[in-house]
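Colleague: Got a minute to go through this one with me? Let's put it up on the screen.
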Amino acid sequence: MTTKPVKKTSIEDHLLASLLDDSYPLWTEFESAAPGTARHSKEVAALCKKVANKLGDIDPVLMEVLGRWHDVGKARNPKFFVENQMPGEPNIHDELDNPLYSFHIISQHVGQSTNILIHLEDLVAEDLLNLVKIISQHHGSTTTKYFLSKAQEANPNLDINTFRYYGSAPTTKEAALLMICDVFEAKGRAAFGGKTDPPEPEEFVGALLDELVSESQLDVLQVRDIREARELLIAELLSIYHDRIKYPAKEEK
Ligand SMILES: [Fe+2]
Ligand SMILES: [Fe+2]
């Protein structure tokens, strides 16, 4: 049982509840325009809530709302995001064959998410600013590695900042944890979903967090926060993908 005080958001409870309601009009629009992203967002939301409950000092309902809405801007260009492509459908980025253009479309979704949310009439200005600020940092100042490495094939001397998101690194615990849950859900699905030989959960989670730390995206978190998040994510992998994870054979004594 935690004794840490929970920092409650200023957003009224009924507004948060409506943002978590599957029949909320903007949610139904989002789900029909970008079903894969909406599914990803629900997964991220569930994970955000679990992380908040484990850490004990941030608001789990606010974290769930952040997970739900962080990628709503992808509904503007759903087919540019792999989670919305149907099996067998050609990847639009392969057809474009222009990593810089792809990066611009992809990176725009952060501003598009905040732009959509800022126009929600249900929320008052102060509530929105809090949500929008956190969501604007969900990719921080990371680079889009896939398109960066494609561009580097043609130009090895390329300035990597060309492929960097425009946001700042997370400045709040909520933003940093949203980033972790988002990256974990997307990379975890790619690494473990449908794979017969997935990586070791401890190594996978360790590498994911180390990369964010090395890019100075988690500076706002304490070592203890990262340790608790790491434990939770490893446990998540073991519970979701337990049938695909091979455990190292125990040494005989
Ligand atoms: Fe995103
Ligand atoms: Fe996301």
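Colleague: Which residues of α4 are buried?
Modeller: Leu62, Met63, Glu64, Val65, Leu66, Gly67, Arg68 and Trp69. Buried here means 20 or more other C-beta atoms within 10 Å of the residue's own, exposed means 12 or fewer, and partly exposed is in between, with C-beta atoms placed from the backbone. That makes 8 of the 10 residues of α4 buried, so this helix is largely enclosed by the rest of the structure.

Colleague: Before I go on, what am I looking at, and how is it numbered?
Modeller: This is a predicted model, so local features need pLDDT of at least 70 and side-chain atom pairs count only at pLDDT 80 or more, while totals for chains, interfaces and linings use all residues. Residues are numbered from 1 along each chain as its sequence is written, and chains are lettered from A and ligands numbered from 1 in the order in which they are written.

Colleague: What's the mean pLDDT of the protein chain?
Modeller: It is 90, and 90% of the residues reach 70 or more; pLDDT is the predictor's confidence in each residue, from 0 to 100. Among the elements, α3 has the highest mean, 97, and α1 (residues 13-19) the lowest, 82.

Colleague: Where does pLDDT stay under 50?
Modeller: Over residues 249-253, and the model has 0 contacts for them beyond four places in sequence. A contact means that the C-beta atoms of two residues, placed from the backbone, lie within 7 Å. Where pLDDT is low, the predicted coordinates should not be read in detail.

Colleague: OK, the fold. How many helices and strands are there?
Modeller: The protein chain has 11 helices and 0 strands. These are DSSP runs numbered from the N terminus: H or I over at least four residues for helices, E over at least two for strands.

Colleague: And the overall dimensions?
Modeller: The C-alpha trace spans about 55 × 50 × 35 Å along its principal axes. Its radius of gyration is 19 Å, which agrees with the value near 18 Å for a compact globule of 253 residues. That radius is taken over C-alpha atoms, and the globule rule is 2.2 Å times the number of residues to the power 0.38. Of the contacts between residues at least 6 apart in sequence, 76% join residues at least 24 apart.

Colleague: What's in the largest nonpolar core?
Modeller: It has 41 residues, and Cys48, Val51, Leu66, Leu177 and Cys181 have the most contacts inside it. Helices α2 (25-33), α3, α4 (60-69), α7 (125-136), α9, α10 and α11 each supply at least two residues of this core. A second, separate core of 5 residues includes Phe103, Ile106, Ala151 and Phe163. By nonpolar core I mean a set of buried Ala, Val, Leu, Ile, Met, Phe, Trp, Tyr and Cys residues joined through C-beta atoms within 7 Å.

Colleague: What does Leu66 touch?
Modeller: Leaving out residues up to four places away in sequence, Leu66 touches Cys48, Ile134, Ile135, Glu174 and Leu178.

Colleague: Switching to α11. Which residues are buried there?
Modeller: Asp225, Ala229, Leu233, Glu236 and Leu237. They cover an arc of only 100° around the axis, which puts them on the same side of α11; the arc is that of the directions from the helix axis to the C-beta atoms. Val223, Arg224, Arg227, Glu231 and Ser239 are exposed on the other side.

Colleague: What covers the buried residues of α11?
Modeller: The cover includes α3 (35-55), α9 (173-192) and α10 (201-214).

Colleague: Any odd backbone angles?
Modeller: Asp97 has a positive phi of about 50° although it is not a glycine. Asp97 sits in the loop between α5 (92-96) and α6 (99-118), and is exposed, with 9 other C-beta atoms within 10 Å. Ser216, also not a glycine, has a positive phi of about 60°. Ser216 lies in the loop between α10 and α11 and counts as exposed, with 12 C-beta neighbours inside 10 Å.

Colleague: One last loop residue: is Ala75 buried or exposed?
Modeller: Ala75 is buried, with 22 other C-beta atoms within 10 Å. Ala75 lies in the loop between α4 and α5, and touches Phe30, Ala33 and Ala34, not counting residues up to four places away in sequence.
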